[in-house]
Amino acid sequence: MSGAALGLEIVFVFFLALFLLHRYGDFKKQHRLVIVGTLLAWYLCFLIVFILPLDVSTTIYNRCKHAAANSSPPEGSNMTGLYATATPVPSQHPCFKPWSYIPDGIMPIFWRVVYWTSQFLTWILLPFMQSYARSGGFSITGKIKTALIENAIYYGTYLLIFGAFLIYVAVNPHLHLEWNQLQTIGIAAANTWGLFLLVLLLGYGLVEIPRSYWNGAKRGYLLMKTYFKAAKLMTEKADAEETLEDVMEEVRKVNESIKYNHPLRKCVDTILKKCPIDYQEKMGRNMDDYEDFDEKHNTYPSEKSLVKLHKQVIYSVQRHRRTQVQWQILLEQAFYLEDVAKNETSATCQFVHTFQSPEPENRFIQYFYNPTVEWYWECLLRPWFYRILAVVLSIFSVIVVWSECTFFSTRPVLSLFAVFIQLAEKTYNYIYIEIACFLSIFFLSICVYSTVFRIRVFNYYYLASHHQTDAYSLLFSGMLFCRLTPPLCLNFLGLTHMDSSISHQNTQPTAYTSIMGSMKVLSFIADGFYIYYPMLVVILCIATYFSLGTRCLNLLGFQQFMGDNDMTSDLVDEGKELIRREKRKRQRQEEGENRRREWKERYGHSREDSTRNRNVHIDPKESNFSEMSTNRSTSKYTRANNRTERDRIELLQDAEPLDFNAETFTDDPLESESGRYQPGGRYLSMSRSRIFDDV
């Protein structure tokens, strides 16, 4: 099993990252480099979280082995097979090799590759790809130039920070500049930035995640919040449609002004390809490419203005598509919550849906998750399950907050994470150690990463599910993950006292902390910022519990869901009316489809049979008259084979009886044969034989 656990987790984490990226990204429409860059960033960050417990268990075993090697065994004890046997020989250090043991030399190389690759992504490659993806240039060279200009200030800022640390080390007479120390300064600068953001996100997630599950048990609360979201989303949807119309109007003007032989026509064609299909067809019909452009009399947009327009088209189309999809998803969610509220008082214990799901369900799911099971789960079990889960998560949050405030205390050990790990270390229960470490760091990661998925910075950064996230937001999320994960892991190792700089013990460090270097080069960071700054999580948790951030945003004009606010009540009523309107609209559509289906099933076959019978039982007089007219027209047409086209038309006109009851006539046989409707109310080209052709 040596190394097998590492390989299994590497494969599992890859598919986990691929699944999440498929949920938020669009593999078909987005650029492959964007998908690969985001997937690599997410994969490396998730990999660090999943592999770190194996590093902890391996380090504990190595400490035990090192202590056993440095101590003399008692007399009469047999040391043969001490580390490999399942039943240890009595000794002072009963070391067992863990099932997930990773051989020496593998983890340091693995952590170096993972860490420096993630740092290269977050500080160099992903910012450049962000600017490249957001650029409206029409060539690769133009996009690269725009990306370099936009990132010049970005890179200059971080070089300034690194230079400040470098000057501090150079001025300090007790320190000597070496490559390892420069590397430590860079790692310290990156971890300081990440820890600053980590505490902010962690303080929000520790409170909001348990509260979201507790509120999830309240059906009325979820339904009111859904109505509130519907009102806000409708406003955003209308704004997106209006923006798209304005941008498409600009595109139409450019399309009409720049003709087919203009040098910038290729740029216009590139912009048209990014427009919705209906707008493309409309602009294609109204365009006249036979007109040449005239530089003397007309003014044409510059290439720079076309680049700006191209960027606006990409943004407006993406936003419009996202709001349309989110509106449909929100409607389904609102309809389902209303169904749950109605079925709670059902006496039949059968869950009844107002609308059937448009997608066919799996037979396996239909068999086990039938209406009875669905009713018991949605109306009885799910609220209680959410309440229990909220209580468990709240206990975890309290443990994290307590440990963040006391992890610097080593005698006595006050951090609960450190207490649990040290108790398991005494008995060398590696499975318990790995489970405890995994649950701890997994909960911390959920609190941080879920906040990254939830936050929205206007329309600048927004992760939308169902393949509606744009390339810029995907790359930005990859940058955040790569910057937050290393300080998150260091903070976890500090909470468990596996970091020697926190425990102040001369023990073997983990392979992960060994690549970080000694933070003693920057003592004010190692002994000050890293220890006392995480205590601010208490203040952030209190602020989140009392919704201070939400209240501040509400005062600034950004409507947030608050139960004791008049604006919230107005938006809830507006959203409720919108949902009711959409529900009536869908009900009318379904009723119309059902009526058409019933009509087709009831009268479709009988109508076909009656048509066949009418074709069989035709009046003999009508049949003879039709045959005579056909023969007469055929004979006249045969005699006129050698005449001109005009003569043929005249003969065909003579073969058709004129309508003498019409008020006006025409002498032009072309108009007569075209079947044009005349003021007399008759079609002059219709003969008696044609009247009965449809019978």
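A good place to start is the surface, where F364, I365, Y367, F368, Y369 and V373 form a nonpolar patch with about 640 Å² of accessible area together. Please keep in mind that this is a predicted model. Besides that patch, the briefing visits two charged patches, a helix with a buried side, a set of salt bridges and a few unusual backbone spots.

**The nonpolar patch**
- Helix α10, residues 363–368, gives the largest share of the nonpolar patch, with four residues.
- F368 is one of the patch members, and F368 is found in helix α10.

**Charged patches**
- On the negative side, E242, E245, D246, E250, D278 and E281 form a surface patch.
- Two helices, α6 (219–257) and α8 (277–285), each supply at least two residues of this negative patch, and the largest share, four residues, comes from α6.
- D278 sits in helix α8 and counts as partly exposed because its relative accessibility is 48%.
- On the positive side, R581, R584, K585 and R588 form a surface patch.
- K585 has its place in helix α20, which covers residues 566–616; at 41% relative accessibility, K585 counts as partly exposed.

**The two faces of helix α7**
- In helix α7, residues 265–274, the buried residues are R265, C267, V268, I271 and L272.
- These buried residues cover an arc of only 155° around the axis, so they lie on the same side of α7.
- The face of α7 turned away from its buried side carries K266 and K273, which are exposed.

**Salt bridges**
- A search of the whole structure finds 12 salt bridges.
- As background, side chains of opposite charge can pair when their charged atoms come close.
- An α-helix has 3.6 residues a turn, so residues three or four places apart point the same way.
- In helix α5 (residues 179–216), R211 and E208 are three residues apart, which means that about one helical turn separates them. Their salt bridge has its closest N and O atoms 2.9 Å apart.
- Of this pair, R211 is partly exposed at 22% relative accessibility, whereas E208 is buried at 15%.
- R252 and E256 form a salt bridge, again with the closest N and O atoms 2.9 Å apart. They are four residues apart in helix α6, so about one helical turn lies between them.
- R252 is partly exposed at 27% relative accessibility, and E256 is partly exposed with a relative accessible area of 34%.
- Helix α7 has a salt bridge too: the side chains of D269 and R265 meet at 3.2 Å, N to O. Being four residues apart in α7, D269 and R265 are separated by about one helical turn.
- D269 is partly exposed, with a relative accessible area of 33%, while R265 counts as buried at 7% relative accessibility.
- E236, R322 and R456 are joined into one network by salt bridges that share partners.

**Unusual backbone spots**
- Most residues other than glycine have a negative phi, and most peptide bonds are trans.
- The peptide bond from R411 to P412 is cis, with omega near 0°; P412 is in the loop between α11 (371–406) and α12 (416–427).
- Y428 is not a glycine, but its phi is positive, near 55°. Y428 lies in the loop between α12 and α13 (430–454) and is buried, with a relative accessible area of 17%.
- S547 also has a positive phi, about 55°, although it is not a glycine. S547 is in the loop between α18 (537–545) and α19 (548–555) and is partly exposed, with a relative accessible area of 22%.

Technical notes:
Residues numbered from 1 in each chain as written. Predicted model: local features only at pLDDT ≥ 70, side-chain atom pairs only at ≥ 80, totals over all residues. Heavy atoms only, no water. Patch = residues over 30% accessible without salt bridge, like charges linked within 9 Å, V, L, I, M, F, W, Y side chains within 5 Å. Areas by Shrake-Rupley, 256 points an atom, 1.4 Å probe, with all protein chains shown as cover. Salt bridge = Lys/Arg side-chain N within 4 Å of Asp/Glu carboxyl O. Lys, Arg positive; Asp, Glu negative; His and termini not counted. Charge placed at Lys NZ, Arg CZ, Asp CG, Glu CD. Buried < 20%, exposed > 50% of the residue type's maximum accessible area, 1.4 Å probe, protein only. Arc of directions from axis to C-beta.
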